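Student: Hi! Could we walk through this structure together?
Tutor: Happy to, let's take a look.
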Amino acid sequence: MTTNFKHTSVLLRETIDNLNVKDNGLYVDATFGGGGHARYLLSKLNNGILVGFDQDNYAINAAKDNFYDYLSDNHQPHLIMVHDNFSHVTENLNKLGFNDGIDGIYYDLGVSSPQFDQPDRGFSYRFDARLDMRMNQEQELDAYQVVNSYSQSQLADILYQYGDEKFSRQIARKIVQRRQQKPIETTFELVELIKEAIPAAKRRTGRHPAKKSFQAIRVEVNHELDSLKASLQEAIELLKPGGRISVITFQSHEDKIVKKIFKQNSEVEVPRGIPVIPDNLKPKLKLVNRKPILATASELADNNRSHSAKLRVAEKL
């Protein structure tokens, strides 16, 4: 049996090939999803191990079917699935007995296509569903709570900071006004409010008027940026010398975080007069690519999701 979890992996070969995969290495897939990157990496291993993280029950269950052979104890290379957020990577690796570091880790950030395409998950403004947007279905906070309990100023800040929404204040005001009459329960109710808050002339141009707001609320519900910061710092510490980290981002705020953390760990300010840089001042990383790797023309033509993708790679010194 194969569980249907169709998702076209972006920058597939670039992400994995830049890890300089060792055939007996230990690797981490921080965002397993449909397992496209994982399947390619497993094809390059002989006796290695891949630990796949995902907080989405659907992705975990799909992996049990689609990667059944790799999950068996006696299979080499071997896959181990972990149902948790990637911000807890160190804790989970320690539980598994992997205490000596990893040879590589990679991230494919954002929401996968199957999550958007499941109407009841509430990620998409294309389907009418209860406001949810949880990647981890076991957590308490969901989009319904954000929309119906956050203050007007909190909502405006979230929409502006996480979605770059120019009309964040107008949308937040409209949400608060409407929920005083009755709770806002569904995605289509929220879409209509957003449309009402945005001037008609602006609604007729560009992307769907609810796109930025839905993105911002999803980021808040799943604590995506805080989790990313925490996980990247853990990943850098976990890497063995020569180990590499690959990160695909799709939004500017994600890419800024990755770029900043990579820069902080690859550059040092050495006081004048010190002939030898002490170990505690030496950089932890070197950048494999100064500028982000972008999708090729052929991938851009085949996969619309690749248009906003940026890949950054760094190596542990």
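Tutor: One term before we start: buried means under 20% relative accessible area, exposed means over 50%, and partly exposed is in between (1.4 Å probe, protein chains only). This is a predicted model, where local features need pLDDT of at least 70 and side-chain atom pairs count only at pLDDT 80 or more, while totals for chains, interfaces and linings use all residues. Residues are numbered from 1 along each chain as its sequence is written, and side-chain values use heavy atoms, with hydrogens and water left out.

Student: Thanks! Which residues of strand β1 are buried on its two faces?
Tutor: L26 and V28 are buried on one side, and Y27 and D29 are buried on the other, in a strand that spans residues 26-29. Helices (H or I, at least four residues) and strands (E, at least two) are DSSP runs, numbered from the N terminus.

Student: And how many bridges join β1 to β2?
Tutor: Four, and the two strands run parallel, with β2 covering residues 49-54. G52 is the β2 bridge partner of D29. Between β1 and β2 the chain passes through helix α2 (residues 36-42), and this β-α-β crossover is right-handed. That label applies if, with the strands pointing away from the viewer, the path from the first strand over the helix to the second runs clockwise.

Student: What about β4?
Tutor: β4 (residues 102-108) is also parallel to β1, with three bridges joining them. There, V28 has I105 as its bridge partner.

Student: What is the strand order in the whole sheet?
Tutor: The order is β3-β2-β1-β4-β5-β7-β6, in an open sheet of seven strands with mixed pairing. Two strands pair if DSSP finds at least two bridges between them.

Student: Why is one side of β3 and of β6 left without a neighbour in the sheet?
Tutor: β3 (78-83) and β6 (285-287) stand at the edges and each has a single partner strand, so one side of each has no neighbour in the sheet.

Student: Switching topic: which residues have the most contacts inside the largest nonpolar core?
Tutor: I105, Y107, L190, I217, L232 and I245, in a core of 63 residues. Helix α13 (residues 224-238) gives the most to this core, with six residues. A nonpolar core is a set of buried Ala, Val, Leu, Ile, Met, Phe, Trp, Tyr and Cys residues joined through side-chain atoms within 4.5 Å.

Student: Nice. What is I245 in contact with?
Tutor: Leaving aside neighbours within four places in sequence, the contacts of I245 include L19, I105, Y107, L232 and F262. Contact means heavy atoms within 4.5 Å.
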